[in-house]
Amino acid sequence: MKKRYIVMGVSGCGKSLIGSLLAKRLGLAFFDGDDFHPPENVAKMRQGIPLNDQDRYGWLQTLNDLINREEGMVLACSALKPQYRQQLRQGNDAQLIYLKGGVETIWARHSCREGHYFNGREMLESQFRELIEPKVGEAIEVSIDQSAERVLDDVLAALAQSERADK
């Protein structure tokens, strides 16, 4: 049976990159949650206005519908709060993978991005203020203070260990 994975963390932590690499390695479809934001959310973010819970609700429901529709997949989604993660996982057993990094590391990455609608350090800092890290056992946690290849290796090793523990 194919599994579902949600690669989560603040903007700029590498969700899309690691998620796409993981999907390719596992032979699964990859979806970037950002691609499913309604135009109103994108417009707010382009203006540097952080999204609130109300803005995210319909978006998260769309993503939950996607997760439940796909037999096996990897989704990149910030999933900053427990209630967001709960909404995403309603009706499925998706495995959370939390990419953890500090604000300075992630801001340095943001500064190199071109053409992304996520706008400004204030928005990044607002994500860190909103973030409620997953509890122990809720997600596989991987540090992003290393190369993308090492992050992927750590994710794959943690998934293998988790599968052995489940047997």
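Contact here means heavy atoms within 4.5 Å. The model you have open is predicted, so local features need pLDDT of at least 70, side-chain atom pairs count only at pLDDT 80 or more, and totals for chains, interfaces and linings use all residues. Residues are numbered from 1 along each chain as its sequence is written, and side-chain values use heavy atoms, with hydrogens and water left out.

**First stop: Leu-22.** Select Leu-22 and look beyond its neighbours within four places in sequence: its contacts are Tyr-5, Val-7, Val-74, Ile-97, Leu-152, Val-155, Leu-156 and Leu-159.

**Next, the core.** Now add Leu-75, Leu-88 and Leu-99; together with Leu-22 they touch the most other members of the largest nonpolar core, which has 41 residues. Such a core is a set of buried Ala, Val, Leu, Ile, Met, Phe, Trp, Tyr and Cys residues joined through side-chain atoms within 4.5 Å. Buried means under 20% relative accessible area, exposed over 50%, and partly exposed in between (1.4 Å probe, protein chains only).

**Then the cysteines.** How many disulfides does the structure hold? There are 0 (a disulfide is a pair of cysteine sulfur atoms within 2.5 Å). Select Cys-13 and Cys-77: the sulfur of Cys-77 has its closest cysteine sulfur in Cys-13, 11 Å away, which is too far for a bond. Cys-13 is buried, at 2% relative accessible area, and Cys-77 is also buried, at 1% relative accessibility.

**Last stop: Gln-127.** Is Gln-127 buried or exposed? Gln-127 is buried, with a relative accessible area of 9%. A polar atom of the Gln-127 side chain lies 2.5 Å from the backbone nitrogen of Ser-11.

Terms used:
Polar contact = N/O pair within 3.5 Å; in protein donor to acceptor, adjacent residues only side chain to side chain.
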